[in-house]
Amino acid sequence: MMVRTHGLKKHFQDPKTGLKKAVDGIDIEAKPGRIFGLLGANGAGKTTILRMLSTVITPTSGTSEVAGFDIIKQPQEVRANIGFMSSSTALYGRLTSREVLEYFGRLYGLDEKRLKDRMKYVIDKLQIEEFADRLCDKLSTGQKQRVSIARTILHDPKVLFFDEPTAGLDVVTSQTVMEFIEEARDLGKTVVFSTHIMSEVERLCDDLAVIHDGVIVATGTPQTMREISGEQNLERAFLHLVKFQAGYVSARLGTV
């Protein structure tokens, strides 16, 4: 089991609204050779989950094992075994694509031979050679996204996290990203993928967790979601599950 969470929570204190339970006790399992989808509207808690799993932020309580390492007790080992990419993954504009890859390869601790081999692999794989020596500030959106993917996989991580990686991209570039995610699964990687786009869920996700207001509404395969909700259309199934959860919470709080 490559990613497993145990009662993972993240609460924030908002000076205006008080306590915000961004993630409120989730339990998920993502397996090698499968794509695990986190499906939810904006603000549901998807990004917070991925940031905790990648050790960017510390949970309020609970924990998780990623690639066999505890995110709280062994954060360095976790970081060495993951790749994390989002639509907002930044590149250094004053560096060339090649320099960015070399910089991150050294941060990952790759020795000279390994770094050279991996750089050649990702540059060839993602067809970066034609703009490898161009400043990142001068790249198109699609070219930047290829470099971001290359940076994410440079150290050949066992676990990949993708946080809405196609947001703001054109159709062609989105296809490139999704094809890469499918290939990562076929290579036996554990992939955790967050989105609110149903067509991406239909195409990519082997397993799925529907998230609403920081809690998991349902887990299983996309077909399981249809069966639970009684809806054959996945978008309607999602809306049904979220509406049911919202009604349950309101009833519990005495607001309906």
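**Entry 1: Arg203 and its partner**

I began with Arg203, which is partly exposed because its relative accessible area is 31%, and I note at the outset that I am reading a predicted model. I then looked for what the side chain of Arg203 meets, and found Glu182, with which it forms a salt bridge at 3.0 Å, N to O. The two residues come from distant parts of the chain, since Arg203 sits in helix 7 (residues 198-204) and Glu182 in helix 6, 21 residues apart. For Glu182 I wrote down a relative accessibility of 19%, and it therefore counts as buried, the cut-off for that word being under 20%.

**Entry 2: further salt bridges**

I looked up the total next, and the structure holds 16 salt bridges. As a reminder to myself, side chains of opposite charge can pair when their charged atoms come close.

I followed helix 6 to Glu183, whose side chain meets that of Lys125 in a salt bridge of 2.4 Å, N to O. Glu183 belongs to helix 6 (residues 171-186) and Lys125 to helix 4, so this pair ties together parts that are 58 residues apart in sequence. Glu183 is partly exposed, with a relative accessible area of 28%, and Lys125 is partly exposed as well, at 37%.

Helix 4 also led me to Arg114, which forms a salt bridge with Asp156, where the closest N and O atoms are 3.9 Å apart. Because Arg114 lies in helix 4 (residues 112-125) and Asp156 in the loop between helix 5 (141-153) and strand 8, the pair ties together parts that are 42 residues apart in sequence. I checked both for exposure: Arg114 is partly exposed, with a relative accessible area of 35%, and Asp156 counts as partly exposed at 35% relative accessibility. I also noted a network of salt bridges that links Arg98, Glu129 and Asp133.

**Entry 3: the sheet**

I turned to the strands and traced an open sheet of 6 strands, which run in the order 7-8-9-4-10-11 with mixed pairing. Strand 7 and strand 11 (215-220) stand at the edges and have a single partner strand each, so one side of each is left without a neighbour in the sheet. On average, neighbouring strands of this sheet are turned by 15° against each other, direction ignored.

At one edge, strand 7 pairs with strand 8 (residues 159-163) in the parallel sense over 5 bridges, and I found Asp163 in strand 8 as the bridge partner of Ser86. Strand 10 and strand 11, in contrast, pair in the antiparallel sense over 5 bridges, and here Val210 has Ala218 in strand 11 as its bridge partner. These two strands form a hairpin with 2 residues between them, and Asp213 in the turn has a positive phi of about 50°.

I then asked which strands helix 8 touches where it packs on the sheet. Helix 8 (residues 222-229) touches strand 10 (207-212) and strand 11, and its direction makes about 110° with that of strand 11.

**Entry 4: a nonpolar patch**

Last, I looked at the surface, where Tyr92, Tyr103 and Leu107 make a nonpolar patch of about 320 Å². Tyr92 lies in the loop between strand 7 (82-86) and helix 3 (97-107). I recorded Tyr92 as partly exposed because its relative accessibility is 42%, which falls between the 20% and 50% cut-offs.

Notes. Residues numbered from 1 in each chain as written. Predicted model: local features only at pLDDT ≥ 70, side-chain atom pairs only at ≥ 80, totals over all residues. Heavy atoms only, no water. Patch = residues over 30% accessible without salt bridge, like charges linked within 9 Å, V, L, I, M, F, W, Y side chains within 5 Å. Areas by Shrake-Rupley, 256 points an atom, 1.4 Å probe, with all protein chains shown as cover. Salt bridge = Lys/Arg side-chain N within 4 Å of Asp/Glu carboxyl O. Helix = DSSP H or I, 4+ residues; strand = E, 2+ residues; numbered from the N terminus. Buried < 20%, exposed > 50% of the residue type's maximum accessible area, 1.4 Å probe, protein only. Pairing = 2+ DSSP bridges. Axes fitted to C-alpha atoms, helices over the stretch in contact; angles between N-to-C directions. Contact = heavy atoms within 4.5 Å.
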